[in-house]
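Subject: Structure for you to look at

Dear colleague,

I am handing over the structure we spoke about, with the notes that I made while going through it. Please read them with the model open beside you.

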Amino acid sequence: MKHIHVELGKDSYDIHIENGLLDRAGDYIRSLTKSKTLAVITDSHVDALYGKRLENSLQTAGFRVHRLVFPAGEEHKCASSLLDLYQSLSDSGITRSDYVIAFGGGVVGDLGGFAAATFLRGIPFIQIPTTIISQVDSSVGGKVGIDLPSGKNQAGNFYQPKGVLIDPTLLQTLPKRFIHDGMGEVIKYGCIRDLELFELLEGLDDEGIFDHWEEIIERCCKSKADLVERDVLDMGERMILNFGHTIGHAIEGCYGFGRYTHGEGVAAGMSMLTGVTEAMGLTKEGTTARLRKLLIRYGLPVDVDASAEDLIPYISNDKKMRGNHMTLIILKEIGKGRLLPLEAEELPKYIRKKVAP
């Protein structure tokens, strides 16, 4: 088993990564709490695949388990789902001495974590991520929240889990599109901080990565843990994790959170932005071509049809805006990202329009 400690004082916790860990989840959670009752928040897809298996592990460790299941999909990471979860937690008799388990992908972690953070002013919770994006990124760092009609993740909080349990074997049931989706976030880590990870990915493909998931997940989680420890509230250095996300979130919103997944939006955002910054002389020559080659290798888009004018309205509500200022994350070169503060009116020139094939 691989262990990563996230040192945040009273909010410190450990990340555990091991194949088959799901079946031992009950023993680990029992070591954290004497509570008799757990609420497992999950979505309909994950529950059908793994819900009973997790429940068996928890019951074997002596827990009474309530499985709270909501429909799968980004569109359900919303206020009405949150209110439904509050009611279900109340109906289940969950108290502040009990635990919530967020069991699923990024949507489940965000929504379940936000419910835990706000129900009864805070219930301790554990992340058990089941997708690539959630295992390498969103389950670590304490960002929880929901989408609003005006934008993605606009209502939320920083609420650290008590632990993160990562079982890479759960990725085996992901459809190919969602393997590619997750690779958008993995490639991001290679771009901003980890040249060796980027080079590893250049030598693999859809099949080969399954022999390297523990290593890939560990590298990404270590990078994120290091940044979170130094900037827990995302006001400085941690913002580097947003590479590709400003344009990526706008792409998701512009297309109604349906046509492009999160990882696909981030991939296109990284590619579009890097094409511009390389042309401006801010990024090492050849970086865009190398990045796009890797994105295409994992079935990810490098551009979209939407123009800058189409995307700007979705960026104006982005939570990374600070008054009339915002910070873009750009690449010096592969493996080295940096923060680029700019005025809001400068933003359109950093959004790449559709290029000819």
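Asp-23 is partly exposed, with a relative accessible area of 42%, and please bear in mind here and below that the model is a predicted one. The side chain of Asp-23 meets that of Arg-53 in a salt bridge, with 2.8 Å from N to O. Because Arg-53 belongs to helix H2 (residues 44–60) while Asp-23 sits in the loop between strand E2 (13–17) and helix H1 (25–32), this pair ties together parts that are 30 residues apart in sequence. Arg-53, for its part, is partly exposed at a relative accessible area of 31%.

That pair belongs to a total of 27 salt bridges found in a search of the whole structure. Another of them joins Lys-2 to Glu-218, where the closest N and O atoms are 3.5 Å apart. Lys-2 lies in strand E1 (residues 2–6) and Glu-218 in helix H8, so this salt bridge ties together parts that are 216 residues apart in sequence. Lys-2 counts as partly exposed, at 28% relative accessibility, whereas Glu-218 counts as buried, at 16%.

Helix H8 also holds a salt bridge within itself, between the side chains of Arg-219 and Glu-215 (3.8 Å, N to O); these two residues are four apart in the helix, and are therefore separated by about one helical turn. Both count as partly exposed, Arg-219 at 24% relative accessibility and Glu-215 with a relative accessible area of 32%. Elsewhere, salt bridges with shared partners join Glu-74, Lys-77, Asp-110, Asp-147, Lys-152 and Glu-252 into one network.

Turning to empty space, the search of the whole structure finds one cavity of 30 Å³ or more, and the largest cavity holds about 50 Å³. Its lining takes at least two residues from each of helix H9 (245–254), helix H10 (262–279) and strand E10 (325–333), and among the lining residues are Phe-243, His-245, Leu-273 and Ile-329. By class, five residues of this lining are nonpolar and six are polar, with no charged residues.

The second largest pocket holds about 220 Å³ of space. It is lined by 13 residues, of which Lys-10, Asp-11, Phe-158, Tyr-159 and Gln-160 are the closest to its centre; the lining divides into eight nonpolar, two polar and three charged residues.

Phe-158 deserves a second look, since this residue of strand E8 (residues 151–158) also contributes, together with Val-232, Leu-233 and Met-235, to a nonpolar surface patch of about 350 Å². Phe-158 has a relative accessible area of 32% and is thus partly exposed.

Finally, two backbone positions may be worth checking. Asp-234 has a positive phi of about 60° although it is not a glycine; this residue lies in the loop between helix H8 (213–230) and H9, and at 9% relative accessibility it counts as buried. Phe-257, which is likewise not a glycine, has a positive phi of about 50° and is placed in the loop between H9 and H10, where it counts as partly exposed at 28% relative accessibility.

With best wishes

Technical notes
Residues are numbered from 1 along each chain as its sequence is written. This is a predicted model: local features need pLDDT of at least 70, side-chain atom pairs count only at pLDDT 80 or more; totals for chains, interfaces and linings use all residues. Side-chain values use heavy atoms; hydrogens and water are left out. Patches are made of residues with over 30% relative accessible area and no salt bridge: like charges are joined within 9 Å, nonpolar side chains (Val, Leu, Ile, Met, Phe, Trp, Tyr) within 5 Å. Accessible areas come from the Shrake-Rupley method with a 1.4 Å probe; for residues, only the protein chains shown count as cover. A salt bridge is a side-chain nitrogen of Lys or Arg within 4 Å of a carboxyl oxygen of Asp or Glu. Buried means under 20% relative accessible area, exposed over 50%, partly exposed in between (1.4 Å probe, protein chains only). On a 1 Å grid over the protein atoms alone, a cavity is a set of points where a 1.4 Å probe fits but cannot get out, and a pocket is an open set with protein on both sides within 12 Å along at least five of seven lines; lining residues have an atom within 4 Å of a point. Grid points are joined across faces, edges and corners, and a volume is the space filled by probe spheres set on the points. Ala, Val, Leu, Ile, Met, Phe, Trp, Tyr, Cys and Pro count as nonpolar, Asp, Glu, Lys and Arg as charged, and the others, Gly among them, as polar.
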